[in-house]
There are 2 protein chains.
Amino acid sequence: MNGAVETVRPAVATLDPTERLLRSCRGESVDRPPVWLMRQAGRYLPEYRKLREGMGFLEMCQDVERAVEASLQPIQLVGSEAAILFSDIFTPIPAMGVEVDFQPGPTIADPIRSLEQIDKLRIPDPRESTPYVFEILRVLRAELASARIPVLGFAGAPFTLAAYLVEGKGSKDFAALKRMMYAAPEVLRALQSRLTEMVVGYLNAQIEAGAHVVQLFDTWAGLLGPAEYREWVLPVHAEIAARLERERAPLILYVNNGAHVLDEMLESGADVLSLDWRVDIAEAARRVGDRASLQGNLDPCALQQTREEIFASVRRISEAAQPARGHILNLGHGCLPDTPVEGVRAFTDAARALGEEQPRGA
Amino acid sequence: MNGAVETVRPAVATLDPTERLLRSCRGESVDRPPVWLMRQAGRYLPEYRKLREGMGFLEMCQDVERAVEASLQPIQLVGSEAAILFSDIFTPIPAMGVEVDFQPGPTIADPIRSLEQIDKLRIPDPRESTPYVFEILRVLRAELASARIPVLGFAGAPFTLAAYLVEGKGSKDFAALKRMMYAAPEVLRALQSRLTEMVVGYLNAQIEAGAHVVQLFDTWAGLLGPAEYREWVLPVHAEIAARLERERAPLILYVNNGAHVLDEMLESGADVLSLDWRVDIAEAARRVGDRASLQGNLDPCALQQTREEIFASVRRISEAAQPARGHILNLGHGCLPDTPVEGVRAFTDAARALGEEQPRGA
């Protein structure tokens with residue numbers, strides 16, 4: 001009888017949020033999916049809007065106290081079970097010698113178009129050039145230690161950073177970037193190589209400062225078809241995956257609009273593939289099987305639904321993700337400013353409810 | 001000996017451009033792929049910029065003489081083998097009673113958010129409300145008759161038109177549209193149903209005026225994941241496909257960013273699926289087989305390559321598309337303003353060169 005009870009409720013039922021996230025990343029059995037939301041520290045929270053009042057975004061990223069508070073808000077206010085470093089993918093760029101402005105997207109005064117400009121890019125020790133990033137991580141880790149809430153670090157992927165640096169600003173089709181890809185491939189290759197060096201050092205320093213998991217955001221790599229992605233993006237992801245201290249912190253790879261490059265994402269060797277809402281997660285789970293865990297992938301707009309509908313959506317996604325070795329519940333993209341707070345709350349509650357219904361790995 | 005020669009060079013070697021396009025749409029054997037480019041009448045052509053000088057876009061769409069000239073330019077200047085009606089997907093909208101402005105994307109003074117607004121939408125006879133559209137088609141058909149160049153008509157798909165009408169303007173994530181999808185589905189359904197009525201009448205009138213082929217542009221349907229696409233978009237495409245005079249003019253369906261909904265596009269029953277450059281056309285061709293023809297799918301930015309590289313890209317795409325029953329050579333998206341004219345010329349020349357190397361269907 002005791003034995004039977006143990007089979008139904010295995011040891012994994014007592015996981016804390018850090019164990020749950022790390023085990024999910026690595027494909028070990030867990031009681032239920034961990035949950036957090038991309039852009040969970042954001043304008044949909046009145047408390048966040050108040051904290052940001054009168055402050056520029058970059059300024060806020062450098063203000064350790066406020067950045068920590070912003071990172072903690074979603075834990076306290078909507079029940080998220082992981083804190084992510086409050087920062088921007090462009091945080092490490094100015095120290096490379098590039099002037100960046102936010103209006104509000106990153107804008108580059110002098111877009112990078114030549115090898116000469118790339119030669120001049122510096123790769124300083126991030127602990128010296130952006131000390132606040134690591135201080136934020138250390139404080140978060142200490143603050144969240146007793147609740148055993150994990151801390152995530154992150155960086156922008158080289159292709160996405162290069163997209164802005166070459167184009168000079170956000171764009172619908174990034175024509176200048178793609179012109180470079182076709183007409184001056186050696187320049188783009190040199191730029192990506194420099195950025196890869198930076199990203200590897202930056203993420204390893206975040207791991208050293210206490211990040212339990214790191215996420216690489218490739219917002220624009222989905223602009224490429226599979227052949228171009230394989231040439232320009234996959235080797236960069238694979239190099240980063242190979243050079244990170246992965247025994248200490250698993251790597252989540254997010255490629256926005258990447259439904260067509262799932263096989264290539266898988267080849268990168270990342271521990272977790274973070275899917276946008278366009279991907280059929282059931283099919284993705286069958287394809288990755290025991291080779292990677294998945295993260296995602298509710299449409300951020302679906303948080304407009306009723307609490308019951310959100311619970312049903314979460315249950316559907318969680319069941320569809322079963323064939324993958326692990327699953328982290330998240331959105332398919334960042335949380336939108338007009339999202340109802342109660343929708344976000346319902347989302348994290350729905351993850352907790354999964355633990356009561358259906359122990360995973362049992 | 002004669003028999004052997006006939007096997008190598010069958011009757012299809014003498015196809016004219018209209019026959020080549022129509023046979024390709026229907027999956028009948030052809031000598032080589034037909035070729036045209038989306039947004040081939042556009043700013044990359046100095047002659048187009050001159051013609052547009054000092055003219056608003058909508059104004060130009062209503063000026064039959066200039067619109068005809070713009071439609072003919074790519075035939076004369078860069079060797080395109082099909083003319084497409086010079087117009088905009090928003091051309092039929094003002095007559096429904098909606099105020100539209102271009103700045104430069106369509107902007108709606110009073111976004112549609114209620115059933116009351118939808119009830120007021122009119123569906124006038126397009127021959128009366130937009131007579132210039134049909135006049136342009138008739139003139140094009142007459143002008144191009146001796147060269148046997150086919151004429152294409154087009155319309156925006158209901159989902160894309162609804163996206164602008166609900167959102168009020170272009171958007172990155174169309175949050176207002178998706179909010180309606182989740183929170184007031186009956187309103188979006190009513191709007192799409194009205195727009196479907198309009199599109200069916202508008203395209204059938206274009207066929208009556210002489211369009212050899214019509215293309216339905218769904219620019220924003222790729223925003224949806226496969227399940228939402230199946231609910232909101234597929235039934236609309238299928239209804240349109242069923243109600244068009246398809247024996248007279250085949251239907252091409254273009255879904256931008258639709259790599260993840262290829263199976264759903266196929267189920268619509270359209271004759272030709274137009275793929276963006278993110279789709280691996282080899283895989284798509286294997287999946288559609290003899291059930292549909294394909295159109296596409298060179299990355300518009302790849303026209304920045306050298307003539308030799310463009311020839312190689314076209315050859316690669318054409319070979320990859322072989323498993324599909326037919327293939328129309330085109331870009332994966334509209335031609336960009338900064339495209340070199342000689343790149344476009346090389347693209348159409350490359351299609352003609354295919355006929356010399358490798359007769360298709362032989």
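## A walk through the two chains

Start in chain B by selecting strand β5(B) together with strand β6 (residues 251-255) of chain B: they pair in the parallel sense over five bridges. Strands and helices here are DSSP runs, numbered from the N terminus (strands are E, at least two residues; helices are H or I, at least four). Two strands count as paired if DSSP finds at least two bridges between them. To see one spot along this pairing, show D218(B), which stands opposite V255(B) in β6(B).

Before going on, some housekeeping: this is a predicted model, in which local features need pLDDT of at least 70 and side-chain atom pairs count only at pLDDT 80 or more, while totals for chains, interfaces and linings use all residues. Residues are numbered from 1 along each chain as its sequence is written, and chains are lettered from A and ligands numbered from 1 in the order in which they are written.

**Stop 1: around β5(B)**

Now add strand β4 (residues 151-156) of chain B, which pairs with β5(B) in the parallel sense over five bridges. G156(B) has F217(B) of β5(B) as its bridge partner.

Is β5(B) enclosed or open? Six of the six residues of β5(B) (residues 213-218) are buried, so the strand is largely enclosed by the rest of the structure. Buried means that 20 or more other C-beta atoms lie within 10 Å of the residue's own (12 or fewer is exposed, in between is partly exposed; C-beta atoms are placed from the backbone). In a regular strand the side chains alternate between the two faces of the sheet. Colour V213(B), Q215(B) and F217(B) for one side of β5(B) and V214(B), L216(B) and D218(B) for the other; both faces are covered.

**Stop 2: the whole sheet of chain B**

Zoom out and you have an open sheet of seven strands in chain B, ordered β1-β4-β5-β6-β7-β8-β9, with parallel pairing. Its edge strands are β1 (83-84) and β9 (327-331) of chain B, each pairing on one side only. At the β1 edge, two bridges join β1(B) to β4(B), and these strands run parallel. There, I84(B) stands opposite L152(B) in β4(B).

Next pick two helices that pack on this sheet. Helix α2 (residues 17-26) of chain B touches β5, β7, β8 and β9 of chain B, and its direction makes about 105 degrees with that of β9(B). Helix α15 (residues 281-288) of chain B touches β7 and β8 of chain B, making about 175 degrees with the direction of β8(B). For such angles, axes are lines fitted to C-alpha atoms (for helices over the stretch in contact), and values run from 0 to 180 degrees between N-to-C directions.

Then show strand β8 (residues 293-298) of chain B: six of its six residues are buried. Strand β7 (residues 272-274) of chain B pairs with β8(B) in the parallel sense over three bridges, and V272(B) stands opposite S293(B) in β8(B).

**Stop 3: helices against α11(B)**

Select helix α11 (residues 185-208) of chain B and helix α13 (residues 234-243) of chain B. Their axes come within 10 Å and cross at roughly 25 degrees. The two are therefore roughly parallel to each other (under 35 degrees; over 145 is roughly antiparallel, 65 to 115 roughly perpendicular, the rest oblique). From α11(B), the contact uses Q192(B), T196(B), V199(B) and V200(B), and from α13(B), V236(B), E239(B), I240(B) and R243(B). Contact here means C-beta atoms, placed from the backbone, within 7 Å.

Now swap α13(B) for helix α9 (residues 158-167) of chain B, whose axis comes within 9 Å of that of α11(B), crossing at roughly 125 degrees. α9(B) and α11(B) are therefore oblique to each other. Residues making this contact include F159(B) and L165(B) of α9(B), and L188(B) and L195(B) of α11(B).

**Stop 4: over to chain A**

How many residues does each chain bring to the contact between chain A and chain B? The count is 22 residues from chain A and 22 residues from chain B. On the side of chain A that touches chain B, helix α10 (residues 175-183) of chain A gives the most, with five residues.

Finish at R32(A), in the loop between α2 (17-26) and α3 (46-52) of chain A. Buried or exposed? With 24 C-beta neighbours inside 10 Å, R32(A) counts as buried.
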